[in-house]
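User: I've got a structure here and want to talk through a helix and some aromatic rings. Can you take my questions one at a time?

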Amino acid sequence: MPRVQFYHNAENPLALACELAERAFAGGRKVALRVPDGSAARQLDQLLWSFHQLAFIPHVMAGTPLAPETPVIIGRADAPAEWPHHEILFNLADDVPPEIEQFRMLIEIIGQDEAQKGPARARWKHYKNLDLPLQAFDAVRREAI
């Protein structure tokens, strides 16, 4: 079962996901980014291309032929697909990913919007009931809470 980290209070959850994915990729890790829908997937795809002008974060959508050889994969909660690797899963959707047991680490990114906080609290309780190791961080101050 994975370790779970919650990043609360993110000003821009997609930008934080890009930053953390870039760090993971630079460290040689493979990343799965799970977003709610196609619109969020397109936004994240564009942001990964333009996040840092001097950095390249190789990424593709889940289910494409290049996914098994690409270190960063974008998948949608509304169209589940098989993840080609199982190191780190970033969850930006409001539900519990059904495939969490496949990953070593699960990172939940929660924005400042009250509509995101309620489902995040429910996910925290769910993971706690599963006895998963939990850590919480304030995304703005970049420190543990």
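User: Before the details, what kind of model is this?

Analyst: Residue numbers run from 1 along each chain as its sequence is written, and side-chain values use heavy atoms, with hydrogens and water left out. Local features need pLDDT of at least 70, side-chain atom pairs count only at pLDDT 80 or more, and totals for chains, interfaces and linings use all residues, since what you have is a predicted model.

User: Which backbone nitrogen does a side-chain oxygen of Asp-37 reach at the start of H2?

Analyst: Helices here are DSSP runs of H or I with at least four residues, strands are E runs of at least two, and both are numbered from the N terminus. A polar contact is an N or O pair within 3.5 Å; within protein, one atom must be able to donate a hydrogen and the other to accept it, and residues adjacent in sequence count only if both atoms are side-chain atoms. At the start of H2, the Asp-37 oxygen comes to within 3.2 Å of the backbone nitrogen of Ser-39.

User: Where around H2 do its buried residues sit?

Analyst: Buried means under 20% relative accessible area, exposed over 50%, and partly exposed in between (1.4 Å probe, protein chains only). In H2, the buried ones are Gly-38, Ala-40, Ala-41, Leu-44, Asp-45 and Leu-48. They span an arc of only 155° around the axis, taken from the directions from the axis to the C-beta atoms, so they lie on the same side of H2.

User: And which residues are exposed on the other side of H2?

Analyst: The buried residues pack against helix H1 (13-26) and strands S2 (31-35), S3 (59-61) and S4 (72-76), where contact means heavy atoms within 4.5 Å. Across from them, the exposed residues are Arg-42 and Gln-46.

User: What sort of aromatic pair do Phe-6 and Trp-124 make?

Analyst: Rings of Phe, Tyr and Trp (its six-membered ring) pair if their centres lie within 6.5 Å; planes under 30 degrees apart are stacked, over 60 edge-to-face, the rest tilted. The Phe-6 and Trp-124 centres are 5.1 Å apart with planes at 65°, so the pair is edge-to-face.

User: Which residues form one aromatic cluster with Phe-6?

Analyst: Phe-6 also pairs with Tyr-127, tilted, at 6.0 Å centre to centre and 55° between the planes. That pair joins strand S1 to helix H3, 121 residues apart. The cluster partners of Phe-6 are therefore Trp-124 and Tyr-127.

User: Which backbone nitrogen does the side chain of Asp-138 reach?

Analyst: Asp-138 is in strand S7 (residues 134-138) and is buried, at 9% relative accessible area. At 2.8 Å, its side chain reaches the backbone nitrogen of Val-140.
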